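Colleague: I am new to this structure and would love a close look at a single part, the nonpolar core. Could you walk me through that part and then through the surrounding details worth knowing?

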Amino acid sequence: MKNSSRRSVLSWLSACAVAPFVSACGGGPAQAKDFPVSMSEDRWRAKLSASEFRILRKAGTEGPYSSPLNAEKRAGTYICAGCDNRLFSSETKFESGTGWPSFYRPLPGGVGTSTDYKIGMPRTEVHCARCGGHLGHVFNDGPKPTGKRYCMNGAAMDFRPA
């Protein structure tokens, strides 16, 4: 087989292998799900700041090291900026070195998860269990006892001191 034919075959095979991932990358609106707290897009826009809306309602991501919650060291609870649902205890916060507030365990009833393909590969998205707002992602490289790293957008949360 000539080199040009071999390249053509390899290119075609590569395109076929990548196609399922590319087609899953944010090609359409997210599936609607029922959550206890639900509002129209206009009501969410009126309630949230521009960055909160972009992250919670449009699954955006803030820049690393941009959230004041990275430096929060007091005892308390991290809540959803959209609906005040209790998400994480300060007792489970740890310094991950990633630039985003990180936790190794959510509070019971705080979060839900789903799979997203926005970067062309599956990741576990974390959302608020009450309003469905996008919080961040969870990874399997956290500390004991769970081994999980809930890497959250600080703008998606507020902090309530104990």
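Modeller: Happy to help; what follows starts with the core and then moves to some loops and cysteines.

A word on the source: this is a predicted model, where local features need pLDDT of at least 70 and side-chain atom pairs count only at pLDDT 80 or more, while totals for chains, interfaces and linings use all residues. Residues are numbered from 1 along each chain as its sequence is written, and side-chain values use heavy atoms, with hydrogens and water left out.

Now to the core. A nonpolar core is a set of buried Ala, Val, Leu, Ile, Met, Phe, Trp, Tyr and Cys residues joined through side-chain atoms within 4.5 Å. Buried means under 20% relative accessible area, exposed means over 50%, and partly exposed is in between (1.4 Å probe, protein chains only). The largest such core here has 26 residues, and Leu 87, Phe 88, Leu 135, Tyr 150, Met 152 and Met 157 have the most contacts inside it. At least two core residues come from each of several elements, including helix 3 (50-56), strand 2 (86-89) and strand 7 (134-139). Helix 3 gives the most, with three residues. Helices (H or I, at least four residues) and strands (E, at least two) are DSSP runs, numbered from the N terminus.

Let us zoom in on Phe 88. Leaving out residues up to four places away in sequence, Phe 88 touches partners among them Tyr 78, Phe 103, Leu 107, Val 111, Tyr 150, Met 152 and Met 157; contact means heavy atoms within 4.5 Å.

Next, the loops. Most residues other than glycine have a negative phi, and most peptide bonds are trans. Ala 59, in the loop between helix 3 and strand 1, has a positive phi of about 60°, and is partly exposed at 22% relative accessible area. Asp 84 sits in the loop between strand 1 and strand 2; its phi is positive too, near 65°, and Asp 84 is partly exposed at 38%. In the loop between strand 7 and strand 8 you will find Pro 145, joined to Lys 144 by a cis peptide bond with omega about 15°.

Finally, the cysteines. A disulfide is counted when a pair of cysteine sulfur atoms lies within 2.5 Å, and the whole structure has zero of them. For Cys 128, the nearest cysteine sulfur is that of Cys 83, 3.5 Å away. For Cys 131, the nearest is that of Cys 80, 3.7 Å away. Cys 128 is buried at 0% relative accessibility, and Cys 131 is buried at 2%.
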